Every structure is written in structure tokens, then in C-alpha cells.
Amino acid sequence: MIKVVVSGAAGRMGGTVCEAVEAAEDMELVAKADPALGVELAEGLSGADVAVDFTTPDTALANARACLEAGVHAVIGTTGFDLDALREFAERSEANCFVAPNFAIGAVLLMEAAQSIARQMPECEIVELHHDRKLDAPSGTAKRTAELIRAAGGNVHEPIHSLRLPGLVAHQEVVFGGEGQTLTLRHDSIDRSSFMPGVLLAVRRVGDLPDSCTVGLEKLL
Ligand SMILES: NC(=O)c1ccc[n+]([C@@H]2O[C@H](COP(=O)([O-])OP(=O)(O)OC[C@H]3O[C@@H](n4cnc5c(N)ncnc54)[C@H](O)[C@@H]3O)[C@@H](O)[C@H]2O)c1
């Protein structure tokens, strides 16, 4: 059994992760950490193999450091924090961390398709749409998509467009423009369950990854 502590357990994502971990036959939920529940992450780390973090941009890095220092592998879904600082810290750590700006398989496939299209149609714009309580903009998914498209030779126009509205969950479009034509890719997470297979896969794999810090769900597929 993999012993899991969920950080941000009272939040939208954290609550869904708790349910998914409890339903997984090979995992045990050993702690739900969240200031809103009166439980500090440090309290849950002693009995855990893996910590899953869906918190806030200003707390994710400190949480990840606490996990790695305690020898607990970290799976991080929080977006909008300093990834380079985490990489630097993880290099000196015994435990591993895995970070994905998007755990939904459809969003990862969109990124792959976007890279492929960018080789032939480089000019593009990204529109990301999220619920109105999201703290960071542009989204971690949009920043990662832009990074991958640029690495494939595409020209992502600035700025990335961010829409925040009630009713939305997590959505992204990449619109490519060429001579006399456009091509649009769109992914919609209409429910937070879309992220759970990716989160559980990361929990199962994080301890065996060859690098101390791995970024992107595509690395596990
Ligand atoms: N990677 C992905 O696939 C993915 C998908 C959706 C959302 N996200 C990201 O996940 C994060 C959380 O999103 P959400 O909608 O669940 O937010 P939310 O506001 O519903 O939940 C965040 C929770 O974190 C808790 N928290 C704050 N400080 C904490 C600390 N020090 N220790 C433990 N818990 C703490 C808050 O009390 C809150 O309950 C955001 O950064 C969001 O962008 C990532």
C-alpha cells in the first residue's frame, strides 16, 4: 500500500484527490492536511510515502521542501510557483518530486498535437479559460503549452489570453493561423475527475523516477 497525505485537502482539487486515493486499492489516505481543517502538512508527513499538493502558488514551494526534507516523495499539481527553485532544492534531496501543470490526458495530448502542428503552421495564439477563483494567470498549462510549442519552432503570440468566469473548470484553445486558413485545438476539463487518473499514476510512479524533479505528465505515459 502506498501511504498518501493530501495537502490542500479541503480545496476543490484536494477534496477530489482524497476521494480518488480512498477509492484506489493500492493506496491508503493517511492524512488530510489543510489549514482549513486545522491540520498542518508536517503532521501528516511522518506516516506518508507520497504527498500530493494542490494548494496555492505562495505555499507550494515551502510544502514541497518540507516533503523532500522529510524523505516523502511529492506530487505537485499547484501552479504559479517558482519551478526552478524547486528543481534546485530537489537535486540535493533523497526523495523525488513530480510536477504537472495539467494531469488530464486530453490536455497532454493537446500539447503534443500543438507541437506537431507548430512545425508546419508556426503562428499561433493561446486562450485559456478557468473558473473565477483561480489565483494565477496565465495558467500553468498555458505557460507549459507555450514552452513546448516554442521548443518545436512555433511562434506563440503574446499575450496568452486568460478568461475567468463562473461555470468554467479548466479549458484551453490553441489557434493556429496560416495562409487562408486557421486550425483550432481545444481541450475541456468539465469535471475535476479528469485529473485523477494522472494524479494516481504519478503517486504510483514518483518514487521510481530516475530524476529528482520530473515535469509533465507526458514523461509518465
Ligand atoms: N495540475 C493540474 O492538473 C491542476 C488542475 C486543477 C487545478 N490545479 C491547481 O491546483 C491548485 C489548487 O486549486 P483548487 O481549485 O483546488 O484551489 P482551492 O482554493 O479550492 O484549494 C486550495 C486549498 O489549499 C489550502 N491551503 C492553503 N495553504 C495551505 C498549506 N500551507 N498547506 C496545506 N493546504 C493549504 C487552502 O486552505 C485550500 O483549501 C491551484 O494552483 C490550481 O491552479 C492544477
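Here are a few exercises on the structure above, each with a worked solution.

Before you start: this is a predicted model, where local features need pLDDT of at least 70, side-chain atom pairs count only at pLDDT 80 or more, and totals for chains, interfaces and linings use all residues. Residues are numbered from 1 along each chain as its sequence is written, and side-chain values use heavy atoms, with hydrogens and water left out.

**Exercise 1. Work out which residues are closest to the ligand, and which atoms of Met13, Thr59 and Lys134 meet it.**

Step 1: Start with the shell. The ligand is surrounded by 23 residues, where being near means having a heavy atom within 4 Å of the molecule. The closest are Met13, Asp34, Thr59, Thr79 and Lys134.

Step 2: Look for polar contacts, meaning pairs of N or O atoms within 3.5 Å; within protein, one must be able to donate a hydrogen and the other to accept it, and residues adjacent in sequence count only if both atoms are side-chain atoms. Met13 uses a polar backbone atom, 2.8 Å from an oxygen atom of the ligand. Thr59 brings a polar side-chain atom to 2.8 Å from a ligand nitrogen atom. For Lys134, a polar side-chain atom sits 2.8 Å from an oxygen atom of the ligand.

Step 3: Check the cover. On its own the ligand has 870 Å² of accessible area, and the protein covers 81% of that (Shrake-Rupley method, 1.4 Å probe; for residues, only the protein chains shown count as cover).

Step 4: Sort the shell by class. You get 9 nonpolar, 10 polar and 4 charged residues. Here Ala, Val, Leu, Ile, Met, Phe, Trp, Tyr, Cys and Pro are nonpolar, Asp, Glu, Lys and Arg are charged, and the others, Gly among them, are polar.

**Exercise 2. Find where His171 and His130 sit, decide whether each is buried or exposed, and name a polar partner for each.**

Step 1: Place them. His171 belongs to strand β9, residues 170-178, while His130 is in strand β6. Strands (E, at least two residues) and helices (H or I, at least four) are DSSP runs, numbered from the N terminus.

Step 2: Judge the burial. Buried means under 20% relative accessible area, exposed over 50%, and partly exposed in between (1.4 Å probe, protein chains only). His171 has 8% relative accessibility, so it counts as buried. His130 has a relative accessible area of 9%, so it is buried too.

Step 3: Pick the partners. A polar side-chain atom of His171 lies 3.0 Å from the backbone nitrogen of Val169. For His130, the partner is Glu128: their side chains make a polar contact of 2.7 Å.

**Exercise 3. Locate the cis peptide bonds that lead into Pro138 and Pro159.**

Step 1: Go to Ala137. Its peptide bond to Pro138 is cis, with omega near -5°. Pro138 is in the loop between β6 (123-130) and α6.

Step 2: Move on to Glu158. The bond from there to Pro159 is also cis, omega again near -5°. Pro159 sits in the loop between β7 (155-156) and β8 (161-164).

**Exercise 4. Decide whether Leu148 and Gln115 are buried or exposed, and give a C-alpha distance for each.**

Step 1: Take Leu148, in helix α6 (residues 140-151). Its relative accessibility is 14%, so Leu148 is buried. From Leu148 to Pro166 is 18 residues in sequence and 29 Å in space, C-alpha to C-alpha.

Step 2: Take Gln115, in helix α5 (residues 105-118). At 18% relative accessibility, Gln115 is buried. Gly216 is 101 residues from Gln115 along the chain, with 14 Å between their C-alpha atoms.
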